Structures are given as C-alpha cells and as structure tokens.
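Trainee: Could we go through the packing in this model together?
Mentor: Certainly; please bring it up.

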Amino acid sequence: MTRRDLIRNLALSQAACLTVFGQTEQRTATDTDPLRQLRPAHPRLILLDADFDRIRLLVRENVLAKRIYSDLEKECDRLLSIPPVEYKVVGPRLQVQTRRAIDRITSLALMYRLSGRDPWLRRAMLEMNAAAAFRDWNPGRLIDTAEMTYAFAIGYDWLHNALTPEERGTIRDAIVTKALDPVLPIYQRPGAWVRDRPHWNLVCNAGFAMGALAVAEDVPEKSSAILRGVLESAPHAVSLYNAEGAWPDGPANGEYALRYACILFAALDTAVGADNGMSSVRGFDRAGRYHVYTTGAANRTFNFGGAPDEPATTPELFWLSKRFGSPVLAWVEQKQAERSQHADALDLAWFERDARPPQPPGWPLDAVFHSVQIASMRSAWDDPNALFLAVKGGDNKTSRTHIDLGTFVLDAGGVRWAIDPDLGDNSPPPPISGGPPVPSWVTRTDVHNTLLIDNENQDPRAEAAITRQEFGPDMSWVQIDLSKANGPKLRQWIRRAGLLQRQAVLVHDVVRSSQPVEVIWGMVTDADISLNGPSATLKKSGWNLALEIRTPRHAVFDTVPAGPTLKKLIVRLGDKTADLDLSVLMTPYKDGQPKAKVTLQFPEISLSLPPATPLR
C-alpha cells in the first residue's frame, strides 16, 4: 500500500467509521462536551475501585493470576533498590526511559492498590518525581511524550487517594506542562500523526487522552479540547483494521497499535462511559484473531518487517476476549503469561478466567488474510511440536517492510527452521553485487526465504497477491503471483507453498523469463546443516528437517553465511535459466523416529504468459 493509497483509504474508511458511530446513536465529540459524563472520583482509568476487589479475589482463586501477582511482587521489591529513570535521549528517542517508567509505575501502582504496601507507593512517587523533573518529555518525538503521559496518568489516577496534595500537584503539573500544553496546538491544527502515521496515531491519542482524563477536573477546558481532538483523530487509525482484523503496517507496529487502542478504549469506557463507538468499527473485533493465526505452535510469530519472532505478553488479548466474547484469545494470553519471564501489570488488571483453546470449525487450521497478502497453515492447534508455515506476498512499498515478497517461516518440533532475520543479528553478511555494506541489511532480498534473481534486490515498488488457495485435510496450499517482484526481468513467477498430509512442507516455484537469469532458492536458518547433493538435513534440539529437491534433477544444495549466527541454505542450479520448475520438500522428524513418507504434490500450475518485455 502506497502512502497515497493509505491516505485515500483513511478518508474512505473514516466515512465508514462515522456510519458505525451513527448506528450507536452516540453524538460525536464536536457536538458536545466529551467530558459531560466524566466519572468524578478516582480511580477512573482502566480500573475502578471494584476492579481492585475483583483482582484480589482472583489472586486467591486462580493459580496463574496468583503467579503473576507473585512475579509482580518480586519486581516491585527489586525496584526498591535501583535508581529511577534518567533523562537520556538516544538519537531522537527518549523511549528507553518512557518504557521503563510505564513498566515501573503501572506495576508499583497496581501492587500498592492491591496490597497497601507503603514502600511501593514511595517508590512509585520517586519514579514520578524523577520524570517530572525532566526538562521535557521529548516533544520533538511526541510518541515518547505520549508514553510518559500514559505512565503518569496511571500513577496519578490509581494512587490518587494515597498521595498528598503536594504530590498530586507535582504529577498534575508535569502532565499539563510537559504533555497537554505541547500537544494542544497540534490537535487544533491537525497534521502528522493526527491524520496519518497509523500506529503513532493510536499511541499518541491513547497517551494524551489518558493524561486529559486523569486531570480533567483541574483543567477542564484544556482536557475537553484534547479529548475532542482524540475522538476526531483516532478513528483515522482504527478504521485501518479491515474486515480481516489485519494491520497494514507490519507486525511490530501492529502489536504496538493494538495495545494502545485497547488502552484508549478501556480508559474512555471507565472514565466517560463509552469509547464513542470506536471499538465497534468493522474488523477491530478480529484483530486478536489475526494475532493468533500469525503465531506458531513453537510460540514464534511470523515476524516479517524486522519484528522480533519471540512474542512478549499481549494483555490486550484479555481485554479483547472480554469485549468480544472470545475465550480463545484469553487462552492464548494465559499460555503466553505462563511462559513469560516478565510479568505485565495489565495481564493482572485485565485477566480473564474464561479461556478455551481454538478448535475447528470456528478456528480452522489454515487462514488467508488478503488485505495484507499473508497466509498461515498448521497441523494442529494444541500440539507444541506441530508444523506451522506462514508465507507472504504483500507490497514492498508498505511502511516498516522488507524487500521480501514470497518469504516464509517454518516451525516444527518446537524449532523455527526457516528464520526471518531481525536486527538482533546485527553484523551484516557480505553485500549484494560487491557494493558497500547496507546499514539496514535485514531488509534485503538475499537474507529472506525467497528467490534471489541475478543477485539483486526485488523491485522496491513491487506488489504480490495471493491468487489462489486450496485448504483440505491432506493438502493445504496458497499460490502467490510474484511476477512483478523483479520488475521486467521475469515474465512470470508463481510460488505455491503449503502442507502435505499435515506432515511436510512443499515450496514450488515456476519462473519464466525472456532472457536467462540466475535464480537462487534460499532459506535462512540457525540449525546445523549437512549436505548431500539434492538433499540436506537440518538438526536442532533433537529434531531434524529433511529437505529434498524434487525438481529439477540437476539442482544441489549449498550454504552461504547470513550474519554471525545464521546460515542460508540455498539451491544452486549451475546455469542461468529462462524456464524453471523448482520444487523443494521439507519433512520434519524427531531423533530416533522415522521420517514420514510424503508422495503428494500440488496440482499442475497452468501458466498464461504475458507478452515479453524487452530488457534495457
């Protein structure tokens, strides 16, 4: 999706949002005071007094909730012996400090409210005093300002009744002078994230709404103006959740946006009684479903676009589970909380007991998200060793994307065999075509699990669509038209990827070109590799992945480096080609157990070639 397309879609989808708002028979913020139904007492943001009572009971009765509580206890005690945040801007960002402030203040404030332990109250106030003394909250990058505002709003609201008037004044003044005052002119003259930059939109609007709602009784006109701006601005971003619930801006920004969308809606609901219909926008109810389908049995995400593949806790799934009556989302987050070494205060605040694993037919094993051209397939929902394959077409012009049309990830036996690199592997491999090193090397085509044509990046303007899908118990696959991926070099490139007998993965590429081109098939991995001509075996953690080149007969496997810890298994054809049918079968099996015999293959691909385009 281009920037122009994004802006056009924002305009169209805003109109759709306003229709939804009208159906809820709620007046918009421009018609009346958005603070007219403000709850007068504190706490009023996300949690009310009754919710703290509910959580205390939950901790007594639920084993996982009790463990999260215990982990938060240990974290709060640890914080007693470490210094508070400091004003340290790294590059343009204050974000390391704002994220620390959020984690610390939400944990300390929640645990003080649940236990009444005074040292945690004092430590929360120490954190806020330190950040209140900052010369600013980095208004040159307002997303940092918004995050710090969110942290202060939670501390002010949840601890309000335990703070002295002087302490309230310190926090309130910091919110007003370092957040509300700088952002008010931006809402009055909209631009940048107010109508664009979708994840910034939701993070900023959530943070500044929280700040305005926290101190609304003390600065009502200012808070009302900011909240009115929030309610006019946020629908631009919320409307990007299309009917499938997929976020267009990549998984890293998608998770970021989803959390703050839920924070915004939850705070509006508790503070003023409603979120102005935003959580009812078509597609938002399926945002959690998209998250589930892009996470494999090995608890690794399809992390295209440079996102980390090990997910953190996502407590917003608890909120979504309750809001939309989806116990599967609660089950997913309970499992993630069980695995996590870092307790999140919102996991306890939003914890949902009603949890059930996904099961067909409501949750089929395979899914396609055409709005972002992503598909995922798996062999089972409840087996940690299950096969998981996710593959993408997409748009190389999309924000926060890599030049990686056709790439895939593969899990089996609890191992990620096919890896999508991120910046954690920070030493670049040799540059393409002998050129200088590229700082953002992980964006390059040659470090992804797709075809490399003539040792060059794909066209950064190219798009690729999933044009066919066939899902069944013995064979599930999708077809991606990648013919435009390399500009005029190729007349046609079709990639099919899927599961055979729910026991193996087949990736089949058919390439036609006007002139012979060099084609290299590749898969990035951190497993040990042994080669034997047209076959290869990957080994890791007591499991194996057997790879076999079905066609062409003369092709062989080889390896090349892909950073300091990664390798790339490649298929070499020997000569350039203008007519290629390349098929690679991948079958996982455990040490000491036989490899499954898989004989199925995809249906024949019927090609209709476009006219040849002369190469310049």
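Mentor: We shall discuss the nonpolar cores and two helix pairs of this predicted model.

Trainee: How many residues does the largest nonpolar core have?

Mentor: The largest nonpolar core has 134 residues. Those with the most contacts inside it are Ile-46, Leu-110, Phe-152, Phe-208, Leu-213 and Leu-348.

Trainee: And which helix gives the most to this core?

Mentor: Helix H10, residues 251-272, with 14 residues.

Trainee: What does Leu-213 touch, not counting residues up to four places away in sequence?

Mentor: Its partners include Leu-35, Leu-38, Arg-44 and Leu-45, as well as Leu-227, Ala-267 and Leu-268. There is also a second, separate core of 49 residues, which includes Met-377, Leu-405, Leu-410 and Ala-527.

Trainee: Back to H10: at roughly what angle do the axes of H10 and H12 cross?

Mentor: Roughly 55 degrees, and the axes come within 9 Å. H10 and H12 are therefore oblique to each other, and the crossing is left-handed.

Trainee: Which residues of H10 and H12 meet there?

Mentor: Glu-255, Leu-258, Arg-259, Cys-262, Phe-265 and Ala-266 of H10 meet Glu-316, Trp-319 and Leu-320 of H12. By class, this contact has six nonpolar, no polar and three charged residues.

Trainee: Different pair now: how do H7 and H9 pack?

Mentor: Helix H7 (residues 165-188) and helix H9 (residues 220-238) pack at about 55 degrees, with their axes 10 Å apart. H7 passes H9 in a left-handed crossing.

Trainee: Which classes of residue make up the contact of H7 with H9?

Mentor: Eight residues are nonpolar, three polar and two charged.

Note on methods
Residues are numbered from 1 along each chain as its sequence is written. This is a predicted model: local features need pLDDT of at least 70, side-chain atom pairs count only at pLDDT 80 or more; totals for chains, interfaces and linings use all residues. Side-chain values use heavy atoms; hydrogens and water are left out. A nonpolar core is a set of buried Ala, Val, Leu, Ile, Met, Phe, Trp, Tyr and Cys residues joined through side-chain atoms within 4.5 Å. Buried means under 20% relative accessible area, exposed over 50%, partly exposed in between (1.4 Å probe, protein chains only). Helices (H or I, at least four residues) and strands (E, at least two) are DSSP runs, numbered from the N terminus. Contact means heavy atoms within 4.5 Å. Axes are lines fitted to C-alpha atoms, for helices over the stretch in contact, and angles run from 0 to 180 degrees between N-to-C directions. Angles under 35 degrees count as roughly parallel, over 145 as roughly antiparallel, 65 to 115 as roughly perpendicular and the rest as oblique. A crossing is left-handed if the near helix is turned anticlockwise from the far one by less than a right angle, and right-handed if clockwise. Ala, Val, Leu, Ile, Met, Phe, Trp, Tyr, Cys and Pro count as nonpolar, Asp, Glu, Lys and Arg as charged, and the others, Gly among them, as polar.
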